[in-house]
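Subject: Structure for your review

Dear colleague,

Please find the structure below, together with its sequence. I should be grateful if you would read the notes that follow with the model open beside them.

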2 protein chains.
Amino acid sequence: MLSKKTQYALKALSYLAARQDQGPVLITDIAEQKKIPIKFLENILLELKNAQILGSKKGRGGGYFLRNAPDKTSLATVIRVVDGPIALLPCVSLYFYQKCADCTEEICPINAVFVQVRDATLAVLESKTLEDIQDLIPEAIDFSI
Amino acid sequence: MLSKKTQYALKALSYLAARQDQGPVLITDIAEQKKIPIKFLENILLELKNAQILGSKKGRGGGYFLRNAPDKTSLATVIRVVDGPIALLPCVSLYFYQKCADCTEEICPINAVFVQVRDATLAVLESKTLEDIQDLIPEAIDFSI
DNA sequence: GTATTCTCTACAAATTTTATAGACTTTTTA
DNA sequence: TAAAAAGTCTATAAAATTTGTAGAGAATAC
């Protein structure tokens, strides 16, 4: 399971992606709308900024915004930044690889299967982007029609 | 990432699968060969037994053994028993479902993507079984040829 | 009936996750 | 140019989970 932190990150990014053209968005705004503890969210957004996913502006009229077009940031990237490895085993991870204590990967059948799991998972997470998880903006829907 | 507990479970099952026809295997034996803390392993094997994956026999000549043919137990089953949910989000889990606080799944784009991730992952984990991760038994390989 | 082996419950230590506090810096603007 | 607005940064605390240990108990084989 993704950590709460990562779930918060995805919600925040989903919110920001939908407001891409509307200039910087306040942390406070995101926290309230998405019901995320504000101080926790601060840390998360900062991390996303340090990873070049978000940009920010200080002072009046400031806030956070996507640094690139929503379709340029994959969900895999987000998860790796906030949560770490996507693979189910360390010996199978592309970005957080760690050798197993005793096993030799060339002949380890467990390793082989989990490479397949990783690839299946990544096929989705690398291809889906913030564009695909954009918030539907309620205000934009006209129910009077 | 899978917990150490689940990794131990998979190693133990991999060991047992390869020794399927040789009668019960001692906890001690598995623990030594797979370098798993024995008391921890006891708990794990017991859990696998309670989940009907393993059978056991007490007393001299006793030990643990697979309850069914190796190809009858999927890796998904094992992971669910030991680790819990395979899905990345609670609102997307088949066996450990939990509703999100504020989101309505029908229109939640995050939910939709993670259903796809889940299905891609499960396609592998449901189809692969203990047969696929059987230990290669070193003793059985004849290097003299 | 005793040695062997799994069973069960409780607990303890370590680590990770979740969250909060508060002082600091940058920017805007009156 | 000072005050208000907003993000930055580091440290710490609380809670939860994971990892591992202890030891008495029950079943079985010989």
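The notes below describe the contact between the protein chains, then each DNA strand, and lastly a hairpin in chain B. Please bear in mind throughout that this is a predicted model.

Contact between chain A and chain B

Each side of the contact is made of 32 residues, from chain B as from chain A. Together the chains bury about 2,900 Å², and carbon and sulfur atoms account for 75% of that area. On the side of chain B that touches chain A, at least two residues come from each of helix H1 (4-18), helix H4 (75-82) and helix H5 (109-125). The greatest contribution to this side is that of H5(B), which gives ten residues. By residue class, this side of chain B holds 21 nonpolar, five polar and six charged residues.

How many salt bridges and polar contacts cross this interface? The count of salt bridges between chain B and chain A is zero. Three residue pairs are in polar contact across it, with both residues of each pair at pLDDT 80 or more.

DNA strand C

Strand C has 26 residues around it, and those that come nearest are Lys39(A), Lys49(B), Ser56(B), Gly63(B) and Tyr64(B). Of the strand C atoms within 4 Å of the protein, 67% are sugar or phosphate atoms, and the rest belong to bases.

Several side chains may be inspected individually. In Lys49(B), a side-chain N or O atom is 2.6 Å from a phosphate oxygen of strand C. Tyr8(A) places a polar side-chain atom 3.2 Å from a phosphate oxygen of this strand. For Asn43(A), the partner is a base oxygen of strand C, at 3.1 Å from a polar side-chain atom.

The elements that give two or more residues to the surface near strand C are helix H1 (4-18) and helix H3 (38-50) of chain A, with helix H3 (38-50), strand E1 (54-57) and strand E2 (63-66) of chain B. The largest share is that of H3(B), at four residues. This surface comprises eight nonpolar, seven polar and eleven charged residues.

DNA strand D

Strand D is likewise surrounded by 26 residues, the closest being Lys49(A), Ser56(A), Gly63(A), Tyr64(A) and Lys39(B). Of its atoms that come within 4 Å of the protein, 69% are from sugar and phosphate.

Ser56(A) has a polar side-chain atom 2.9 Å from a phosphate oxygen of strand D. In Tyr8(B), a side-chain N or O atom is 3.2 Å from a phosphate oxygen of strand D. Lys39(B) is paired with a base oxygen of the strand, at 2.4 Å from a side-chain N or O atom.

At least two residues of the surface near strand D come from each of H3, strand E1 (54-57) and strand E2 (63-66) of chain A, and from each of H1 and H3 of chain B. H3(A) gives the most, with four residues. The residues of this surface are eight nonpolar, seven polar and eleven charged.

The hairpin in chain B

E1(B) and E2(B), both of which contribute to the surface near strand C, run antiparallel and are joined by four bridges. One pairing to look for is that of Gly55(B) with its bridge partner Phe65(B) in E2(B). The two strands form a hairpin with five residues between them, and Gly59(B), in the turn, has a positive phi of about 75°.

Yours sincerely

Conventions: Residues are numbered from 1 along each chain as its sequence is written. Chains are lettered from A and ligands numbered from 1 in the order in which they are written. This is a predicted model: local features need pLDDT of at least 70, side-chain atom pairs count only at pLDDT 80 or more; totals for chains, interfaces and linings use all residues. Side-chain values use heavy atoms; hydrogens and water are left out. Contact means heavy atoms within 4.5 Å. Buried area is the accessible area (1.4 Å probe) that two parts lose on being put together, summed over both. A salt bridge is a side-chain nitrogen of Lys or Arg within 4 Å of a carboxyl oxygen of Asp or Glu. A polar contact is a pair of N or O atoms within 3.5 Å; within protein, one must be able to donate a hydrogen and the other to accept it, and residues adjacent in sequence count only if both atoms are side-chain atoms. Ala, Val, Leu, Ile, Met, Phe, Trp, Tyr, Cys and Pro count as nonpolar, Asp, Glu, Lys and Arg as charged, and the others, Gly among them, as polar. A residue is near a molecule or strand if one of its heavy atoms lies within 4 Å of it. Two strands pair if DSSP finds at least two bridges between them.
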